[in-house]
Each structure stands twice: as C-alpha cells, then as structure tokens.
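Work through the exercises below with the sequence and the model open. Each task is followed by a solution in steps.

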Amino acid sequence: MKLSATRVNLMVGTKRLLSDVSIDVQPGKMIALVGPNGAGKSTLLKVLAGEYTGFSGELSLNRERYHHWNSAQRARILGVLPQQSSLNFPFSVEEVVLMGRLPHLTSTPHNMAVVSDVLERVDLTHLANQAYPSLSGGEKQRVHLARVLAQVWEDTGLGPRYFLLDEPTSALDLCHQHQVLRQVKELTRQGVGALAVLHDLNLAASYADELVFMDQASVQAKGQPQEVLQPALLSRIYNTVVDVIPHPTQARPLVIAS
Ligand SMILES: Nc1ncnc2c1ncn2[C@@H]1O[C@H](COP(=O)(O)OP(=O)(O)OP(=O)(O)O)[C@@H](O)[C@H]1O
C-alpha cells in the first residue's frame with residue numbers, strides 16, 4: 001500500500017515541468033520534498049493530488065490505478081493543502097474546518113468533535129468563532145491545515161490515508177512550525193503517509209524520514225536526512241556555499257548557508 005508516481009513526465013507548452021520523476025509516499029512515513037524555487041515540487045504535488053492530466057507515467061493509490069478511485073472516495077483518504085488557499089467569505093474558523101468533513105457521511109456531533117480536536121492540535125480553539133478573513137496569515141494557514149487534518153482524520157476502510165502539504169509552515173512562527181510538523185509526525189505514527197514541501201532544510205531534517213531533492217524538474221537525490229544533506233550536493237543545487245555540521249543536541253545534521 002502506498003501513493004506513488006512512477007516515471008512521470010509532464011510538458012506544458014514547450015516547457016518540461018517534470019522529467020522522469022518517481023516517488024513513493026509510504027504509510028507511516030513522512031517525506032520532505034525540498035529544492036530551490038521553480039524545481040517542480042508543487043507541480044509534482046499537484047500531479048499526486050490528481051490536478052494534472054496529460055502527463056505520461058503511472059500514478060497509483062493503495063495498490064489500485066489512481067483513476068480507479070472516484071473523487072469522493074479519494075477525498076476520504078487523500079488530504080491536500082495547496083500553497084495558497086483563497087477564501088474571502090466571512091465563514092467562521094470552525095465552519096472552514098468543518099468543510100474538511102464534507103467527503104464524510106458521518107453525524108454532525110461526530111464531525112463537530114473532530115473539528116474541536118483538530119482545532120486544539122493546531123492551537124486555534126480560542127479563535128473557533130472568529131471570522132476567517134479577519135485572521136492573521138499564520139492563523140489562516142493553520143485553519144487550512146486543520147481543515148485537511150479533519151478531512152483525513154479517521155480510517156474509513158479504504159486503506160491507508162495520505163497528506164500532501166505544500167509549504168505548510170511558510171507563514172508560521174518558530175513555535176507553530178514545530179507544533180504543526182509534530183502533529184503531522186504524530187499522524188504518520190498512526191499509519192498516515194505524508195509528503196510535505198519544505199524550504200527549511202533543518203525543519204525537514206528534524207521531522208522527515210526521507211528527503212527528496214528536486215531541481216530542474218527532476219529528482220536529484222533521495223534518502224535519509226544524514227545521507228542526502230551533503231555540502232557538495234546542497235552547494236550545487238542551491239548555487240551558494242552550504243556547510244553541514246552535526247547538530248549540537250540532536251542526532252541530525254545542521255545545515256548552514258552563507
Ligand atoms: N501551468 C504552467 N505553465 C507553465 N509553466 C509552469 C506552469 N506551472 C508551473 N510552471 C513552471 O514550472 C516550474 C516549476 O514550478 P513549481 O511551482 O512546481 O515549482 P516549485 O518547486 O514548487 O517552486 P517554489 O519553491 O518557488 O514554490 C516553474 O518554473 C514554473 O514557472
């Protein structure tokens with residue numbers, strides 16, 4: 001069981017967006033998808049989310065061809081947080097998160113209990129009744145993450161569940177970056193598979209089981225953080241001098257760019 005893309009190639013017009021890209025998102029594992037701006041990370045995430053047609057290669061979800069699943073079934077096992085979510089209507093925080101429950105035919109009391117649970121996990125309980133448009137940028141980002149958590153909160157009998165998160169921590173302060181990734185990690189311990197696009201390599205090294213490096217539309221390296229976070233690779237990919245030293249207190253590398 002896994003969510004996987006195999007040898008995916010995607011052209012838009014004359015531009016190659018993905019070149020022979022393969023990735024496996026395994027239940028119980030967290031992958032950080034990293035690499036410079038324009039590398040193709042969001043494009044790969046959109047392919048895995050079913051947003052693109054017209055690519056070559058294979059997509060599969062829990063041992064079935066991806067298109068075996070209808071969109072209602074897929075929505076119960078695959079939660080997607082895009083890089084940007086626009087919403088201007090004055091729904092309350094609670095109502096926005098409740099939208100994550102739409103694919104489920106479960107009772108209102110159960111759905112409200114899930115909403116309450118996820119709001120607590122992203123530290124938004126105190127804002128549950130506030131109008132979404134009046135929130136700060138980081139609060140809005142946490143609302144959308146809570147909505148996606150609510151969407152794939154429980155096992156629905158369709159096999160392992162997956163998260164695809166595009167830069168889930170980009171607007172978050174230091175404390176909430178860690179809080180949010182701890183929640184994602186906690187769900188992977190319960191068997192969910194997660195793929196998160198991250199720019200902060202140290203956050204990625206702290207939480208991810210595997211790093212997948214993309215550059216110029218293709219996968220350049222993949223493996224455990226200590227395997228792939230090598231100064232030569234990073235300096236080449238990011239075109240800047242990068243050092244990697246042992247972290248002073250944790251068993252992981254520390255990346256320092258200059
Ligand atoms: N629909 C499209 N038509 C043409 N070019 C596109 C299209 N979508 C993406 N691109 C281009 O493909 C490249 C990869 O874009 P993508 O959004 O996947 O990058 P990314 O790795 O997520 O970057 P970032 O870290 O900046 O978010 C970029 O150069 C982008 O301009």
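**Exercise 1. Packing of helix 1**

Which strands do the buried residues of helix 1 pack against?

Solution. The model is a predicted one.

Step 1. Take the degree of burial: six of the eight residues in helix 1 are buried, so the helix counts as mostly covered.

Step 2. List the buried positions, which are Lys41, Thr43, Leu44, Leu45, Val47 and Leu48.

Step 3. Find their packing partners. These are strand 1, strand 2, strand 3 (30-34), strand 7 (162-166), strand 8 (193-197) and strand 9 (210-215).

Step 4. Look at what follows the helix: Gly50, just after helix 1, has a positive phi of about 85 degrees.

**Exercise 2. The shell around the ligand**

Identify the residues around the ligand and the element that gives the most to this shell.

Solution.

Step 1. Collect the residues: Val12, Lys15, Leu17, Gly35, Asn37, Gly38, Ala39, Gly40, Lys41, Ser42 and Thr43.

Step 2. Assign them to elements. Strand 2 (15-25) and helix 1 (41-48) are the elements that give two or more residues.

Step 3. Pick the main contributor, which is helix 1 with three residues.

Step 4. Sort the shell by character: three residues are nonpolar, six polar and two charged.

**Exercise 3. An open sheet**

Give the strand order of the four-stranded open sheet and explain which strands stand at its edges.

Solution.

Step 1. Read the order, 2-1-4-5, with antiparallel pairing.

Step 2. Find the edges. Strand 2 and strand 5 (64-65) each have a single partner strand, so one side of each lacks a neighbour in the sheet.

Step 3. Examine one pair inside the order: strand 1 (residues 3-12) and strand 4 (residues 56-61) are joined antiparallel over five bridges. Within this pair, Thr6 has Glu58 of strand 4 as its bridge partner.

**Exercise 4. The whole chain**

Describe the overall dimensions of the protein chain and decide why its radius of gyration agrees with that of a compact globule.

Solution.

Step 1. Count the elements: the protein chain has nine helices and 12 strands.

Step 2. Compare the radius of gyration. A compact globule of 258 residues would have a value near 18 Å, and the chain has 18 Å, so the two agree.

Step 3. Add the box along the principal axes, roughly 55 × 45 × 35 Å for the C-alpha atoms.

Step 4. Add burial and contacts. Buried residues are 39% of the 258. Of the contacts with a separation of 6 or more, 67% join residues 24 or more positions apart.

Step 5. Place the annotation: an unreviewed UniProt entry lists residues 3-241 as "domain: ABC transporter". That span is 36% helix and 25% strand, and its end C-alpha atoms lie 35 Å apart.

Definitions and conventions
Residues numbered from 1 in each chain as written. Predicted model: local features only at pLDDT ≥ 70, side-chain atom pairs only at ≥ 80, totals over all residues. Near = placed C-beta within 6 Å. Nonpolar A, V, L, I, M, F, W, Y, C, P; charged D, E, K, R; others polar. Pairing = 2+ DSSP bridges. UniProt positions renumbered as here; feature names shortened; annotations may be inferred. Buried ≥ 20, exposed ≤ 12 C-beta atoms within 10 Å, placed from the backbone. Contact = placed C-beta atoms within 7 Å. Rg over C-alpha atoms; globule rule 2.2 N^0.38 Å.
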